[in-house]
Structures are given as structure tokens and as C-alpha cells.
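Colleague: I'd like a close look at just one part of this model, the helix packing. Take me through it contact by contact, please.

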Amino acid sequence: MIELSHIVKTFGDHTVLNGISVTIREGSVTALVGPSGGGKSTLLRCINLLEIPTSGRVRIGAEAIDFRPQVRVPFAEVQKLRRQTGMVFQNFQLFPHRTALGNVIEPLVTVLKWPHAKAVARAEELLDKVGMAHKRDAWPAELSGGQQQRVAIARALAPSPRVLLCDEPTSALDPELAGEVIEVLVGLAREGTTMVIATHDLRLAAGIAHEAVFLEAGEVVEKGEARRIFSAPERERTQRFIATLT
Ligand code: ADP
Ligand code: MG
């Protein structure tokens with residue numbers, strides 16, 4: 001359902017993604033692992049088009065765009081693809097001047113122009129799903145990191161994206177707070193939410209991923225079934241990296 005074909009991303013003369021091809025099945029969880037600077041965040045940003053690939057093809061469901069160097073894709077097309085995705089960031093990125101509920105209704109009211117009452121009903125349902133219904137009127141500053149990230153997950157899910165993209169969702173959290181975020185992601189995985197998660201957290205990656213992609217220096221070193229990659233990687237480079245994860 002999601003297909004990345006030969007994705008290249010360059011910044012100036014620095015090639016950050018060097019022809020990445022990955023297929024993501026509907027309902028599956030894919031872990032993106034690999035050393036810092038390997039291109040995980042850039043690849044996620046090329047899926048939701050926060051970064052425009054230099055070349056290659058991004059397909060999400062029925063929507064696809066072919067990118068070519070120097071050819072500008074119309075914004076409406078970018079937006080159509082982007083709306084198939086939801087994104088969760090390492091540092092939560094909640095709107096500080098909106099309550100938990102206000103954050104979750106934001107994309108529904110502002111982007112999708114839903115009526116307020118319908119957006120509130122949807123937001124309440126999602127806050128409940130992430131265990132944050134009791135904090136609906138709290139400000140982000142009043143919430144722990146784990147609580148903020150759970151609200152951020154609810155916000156990302158609000159417009160019913162076809163894929164949830166998570167960039168190091170637990171990296172800013174101590175283990176206990178990371179645990180409550182992992183629990184939410186595990187629940188979503190069980191319900192068949194399609195997710196791509198960049199992470200250094202072996203508890204998260206090995207716990208919920210079906211597929212794993214090991215990315216280094218903009219290249220796929222190894223990809224396949226997560227259980228196999230984490231327990232018996234084929235490539236020596238992958239073995240060494242997995243051994244460093246905690
Ligand atoms: P990871 O998430 O695996 O740590 P990133 O995708 O953040 O890797 O970064 C991959 C490489 O791309 C790094 O060398 C980084 O410096 C470079 N990079 C990322 N974003 C930009 C940018 N906007 N401009 C220039 N270089 C960038
Ligand atoms: Mg990153």
C-alpha cells in the first residue's frame with residue numbers, strides 16, 4: 001500500500017538518501033533502524049513530503065507522485081499525498097497555547113473544516129484511546145513528556161491517515177514514560193494501524209515491528225522480517241549495530 005521506489009534526496013552536493021526502495025504492507029509496522037545520520041528522519045519526511053525527494057516515486061494507496069530533479073510538483077498534489085499520513089515527532093511538537101483537546105481538534109477544524117462538535121467528538125474518542133481523556137483540558141506544559149506524546153499520537157490519528165509515521169517517538173522520554181507511549185503504539189499495532197517508526201529503542205522496535213529496515217549512510221543495508229533482523233541479522237554491519245541497541 002505504500003511504495004517508495006528509488007528515493008534519492010540530496011542537500012546541495014550531499015546525498016542523504018541514495019536510491020531507497022521499500023514496500024510497506026497495509027496493517028504492518030515497519031521499524032527504521034540504523035546509526036544517527038543514516039537518513040531515517042529524512043526518509044520519513046520524504047514519505048509525508050515535509051522534504052521533497054530529489055527523485056524517485058512515492059505511492060500511498062492510490063495516490064502516487066514521480067519526482068524528478070528540477071521539476072516542481074504542484075502543491076495540491078503534495079498535499080493530497082501528505083494528507084494520507086500522520087506524523088509523530090521526537091519532541092512532541094504540540095501547540096503550546098492549545099489544550100490537549102484543542103491540539104487534537106486542530107487538524108480537523110483547520111485543515112479538514114469539520115464542524116466543531118464533530119471534531120470534539122472525534123478528539124474525545126482518540127484521547128480516550130491513548131488514555132488521555134482525563135487530561136482533555138490540560139495545557140501541554142502541565143503534561144509529562146509521555147502524556148504529551150500520547151496527545152501528539154491522538155492528533156496525528158485524528159484525520160484517519162493511512163499511515164502513522166513516528167520519528168524517534170520515545171527518544172526524549174525516560175524508560176517509564178517511554179513505556180506508556182510504547183503501550184499505546186502496541187495497541188495501535190494490534191488494531192492494524194499501518195506504522196513506520198524510526199527508533200533506537202529495541203523494546204519498541206522488536207516489540208511491535210513486523211518488518212525492519214536497516215539504513216546507513218542513505219542506503220538500505222538489510223531489510224526483512226523484524227524478528228529475524230533483530231535476532232539473526234545476516235549482514236555483519238547490522239549485527240554490530242543491533243548489539244549496540246538497548
Ligand atoms: P537520522 O534520522 O538517521 O539520524 P537524518 O535523516 O536526520 O538521519 O540525516 C541524514 C543526513 O542528512 C545527515 O547527514 C544530516 O546532516 C543530513 N540532513 C538532514 N536534513 C538536512 C537538511 N535540511 N539540510 C542539509 N542536510 C540535512
Ligand atoms: Mg533522525
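**Helix packing**

Modeller: Start with helix 3 and helix 4, which are oblique to each other (under 35 degrees counts as roughly parallel, over 145 as roughly antiparallel, 65 to 115 as roughly perpendicular, and the rest as oblique). Bear in mind that this is a predicted model, where local features need pLDDT of at least 70 and side-chain atom pairs need 80 or more, while totals for chains, interfaces and linings use all residues. Residues count from 1 along each chain as its sequence is written, with chains lettered from A and ligands numbered from 1 in written order.

Helix 3 runs over residues 100–111 and helix 4 over residues 116–129 (helices are DSSP H or I runs of at least four residues, strands E runs of at least two, numbered from the N terminus). Their axes come within 9 Å and cross at roughly 125° (lines fitted to C-alpha atoms over the stretch in contact, angles 0 to 180 degrees between N-to-C directions). Helix 3 passes helix 4 in a right-handed crossing (near helix turned clockwise from the far one by less than a right angle; anticlockwise would be left-handed). On the helix 3 side you'll find Ala100, Leu101, Val104, Ile105, Leu108 and Val109, and on the helix 4 side His116, Ala119, Val120, Arg122, Ala123, Leu126 and Leu127 (contact means C-beta atoms, placed from the backbone, within 7 Å). By class, that contact has eleven nonpolar residues, one polar and one charged (Ala, Val, Leu, Ile, Met, Phe, Trp, Tyr, Cys and Pro are nonpolar, Asp, Glu, Lys and Arg charged, the others, Gly among them, polar).

Now turn to helix 3 against helix 5. Here the axes come within 7 Å and cross at roughly 25°, so helix 3 is roughly parallel to helix 5. The crossing of helix 3 past helix 5 is right-handed. Helix 3 brings Ala100, Asn103, Val104, Glu106 and Pro107, while Val151, Ala154 and Arg155 come from helix 5. That group splits into five nonpolar, one polar and two charged residues. Look twice at Ala100 and Val104: they appear in the contact with helix 4 and also in the one with helix 5.

Helix 5 has another partner to look at. Helix 5 (residues 145–157) and helix 6 (residues 175–190) have axes that come within 8 Å and cross at roughly 20°. That angle makes helix 5 roughly parallel to helix 6, and their crossing is right-handed. From helix 5, Gly145, Gly146, Gln149, Arg150 and Ile153 meet Leu177, Glu180, Val181 and Val184 of helix 6. Sorted by class, the contact of helix 5 with helix 6 has four nonpolar, three polar and two charged residues.

To put the pieces together, helix 5 is in contact with helix 3 through residues including Val151 and Ala154, and with helix 6 through residues including Gln149 and Ile153.

Technical notes
Contact = placed C-beta atoms within 7 Å.
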